[in-house]
Amino acid sequence: MRNFRSDLALESSALAGGIQVPGVRVEQLRLGDLTETVVEIVDERGMAALDKPCGRYVTLEANQMHLPEPALLDMTVDRLAETLKGMLPELGSVLVIGLGNRRITADSLGPRAVDGVLVTRHMRENTPVHVKGRLREVSAVAPGVLGVTGIETSEIARGIIEHTKPDAVIAVDALAAKETCRICTTMQITDTGIQPGSGVGNHRLGLSQETLGVPVIAVGVPMVVYAATIARDALELLIDDLEMDEEEHSDALDALVDRVVEKRLGDLVVAPREVDERVTHMAELLSLGINRALQQRLSKDEIPALMH
């Protein structure tokens, strides 16, 4: 199918031809139950093929990532932290932005993740002696969404950056995937920034180095799949079962889905029944990884101790 909606470079690369796509480099590493895939868009050919900006996209995926399995959790957190460290400046302050709407469960990943981030910018004078000099300056904010605040997220971010002057930004948001099996089993880390609201079909002005003036590292987890995408996948299976020619019927199927799903239901997105539990778990996982990446000179036990 030609029409699909996904924020994952991994899915876009696979549908465009995988390792055969000009201007795109793909590498994959298997780490036990965790698979790490790096998609790098290196030129305009890759940008056109994947419809994404040039940069590095790291995807971590595991079928049981959404479950509280200690060994897998620790491995995922470590890989997330290592990936973030490789994209962030070695020194300097960092602003963590949790994008999304707390009132919509599937869109609350960003704000929930920010709740678990160790913020230290205010601790300059009251830092405990045993950690003095080992803390990286971190601030965090969950600015809400345009429909609630009346202000674009990028406008809020620019104002905060102008006053606090961080050296980098980490933006956390919910994403949309093509395949339902990727919901809460996949995360993407990229140095290209992020498009707020993409996970719930509400595209806003992007957060990137071009719009904010500092490096922006985006971390996202697929929380929803578009209903139109599910319908197209179902029709693909029907074509396969009936041994029909997909290319011959592609336009007719796109028109059918457009008529049945998109025009009648709009940009309907689908989330799993247990989405609240999964969002809570994934938000905790992201905050653990972000804390380890930012506070490298603190032990795993010291970080939670400083948050209470």
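**Exercise 1. One helix and its two sides**

Which residues in H3 are buried?

*Solution.* The model is a predicted one, in which local features need pLDDT of at least 70 and side-chain atom pairs count only at pLDDT 80 or more, while totals for chains, interfaces and linings use all residues. Residues are numbered from 1 along each chain as its sequence is written, and side-chain values use heavy atoms, with hydrogens and water left out.

Step 1 fixes the terms: helices (H or I, at least four residues) and strands (E, at least two) are DSSP runs numbered from the N terminus, and a residue is called buried under 20% relative accessible area, exposed over 50% and partly exposed in between, with a 1.4 Å probe and protein chains only.

Step 2 gives the list: in H3, the buried residues are Leu72, Thr76, Val77, Leu80, Ala81, Thr83, Leu84 and Met87. They lie on the same side of H3, because they cover an arc of only 165° around the axis, the arc being that of the directions from the helix axis to the C-beta atoms.

Step 3 turns to the other face, where Pro70, Ala71 and Gly86 are exposed, pointing away from the buried side of H3.

Step 4 asks what the buried residues of H3 pack against, contact meaning heavy atoms within 4.5 Å: the partners are strand S2 (34-41), strand S3 (55-61), strand S7 (186-190), strand S8 (216-226) and helix H10 (275-294).

Step 5 checks the length of helix H3 (residues 70-87): its 18 residues should span 26 Å at 1.5 Å a residue, and the end C-alpha atoms are 26 Å apart, which agrees. The expected span is 1.5 Å times one less than the number of residues.

**Exercise 2. Salt bridges across the sequence**

Determine which parts of the chain are tied together by the salt bridges of Glu11, Arg25 and Arg134, and state how far each of the six partners is buried or exposed.

*Solution.* A salt bridge is a side-chain nitrogen of Lys or Arg within 4 Å of a carboxyl oxygen of Asp or Glu, and a search of the whole structure finds 14 of them.

Step 1 takes Glu11, which forms a salt bridge with Arg182, the closest N and O atoms being 3.0 Å apart. Because Glu11 lies in helix H1 (residues 9-16) and Arg182 in the loop between strand S6 (168-177) and S7, the pair ties together parts that are 171 residues apart in sequence. Both Glu11 and Arg182 are buried.

Step 2 takes Arg25, whose side chain meets that of Glu40 in a salt bridge of 3.6 Å, N to O. Arg25 belongs to strand S1 (residues 24-31) and Glu40 to strand S2, so this pair ties together parts that are 15 residues apart in sequence. Arg25 is partly exposed, with a relative accessible area of 47%, and Glu40 also counts as partly exposed, at 25% relative accessibility.

Step 3 takes Arg134, which is bridged to Glu302 with the closest N and O atoms 2.8 Å apart. This pair links distant parts of the chain, since Arg134 is in the loop between H4 and S5 whereas Glu302 is in helix H11 (residues 302-306), 168 residues apart. Arg134 counts as partly exposed at 24% relative accessibility, whereas Glu302 counts as buried at 19%.

Step 4 adds a network, in which salt bridges that share partners join Asp74, Asp78, Arg292 and Lys300.

**Exercise 3. The surroundings of a loop threonine**

Describe where Thr120 is placed, whether it is buried or exposed, and what its side chain reaches.

*Solution.* Step 1 places Thr120 in the loop between helix H4 (109-115) and strand S5 (138-141). Step 2 gives its relative accessible area of 6%, so Thr120 is buried. Step 3 follows the side chain of Thr120 to the backbone oxygen of Arg136, at 2.5 Å. Step 4 lists the contacts of Thr120 beyond its neighbours within four places in sequence, namely Leu135, Arg136, Glu137, Val138 and Gln295.

**Exercise 4. Two positive phi values**

Contrast Asp51 with Cys184 in location and accessibility.

*Solution.* Step 1 considers Asp51, a residue other than glycine with a positive phi near 60°, placed in the loop between helix H2 (44-50) and S3. At 69% relative accessibility, Asp51 counts as exposed.

Step 2 considers Cys184, where phi is likewise positive and near 60°, and which is found in the loop between S6 and S7. With a relative accessible area of 0%, Cys184 is buried.

Key:
Polar contact = N/O pair within 3.5 Å; in protein donor to acceptor, adjacent residues only side chain to side chain.
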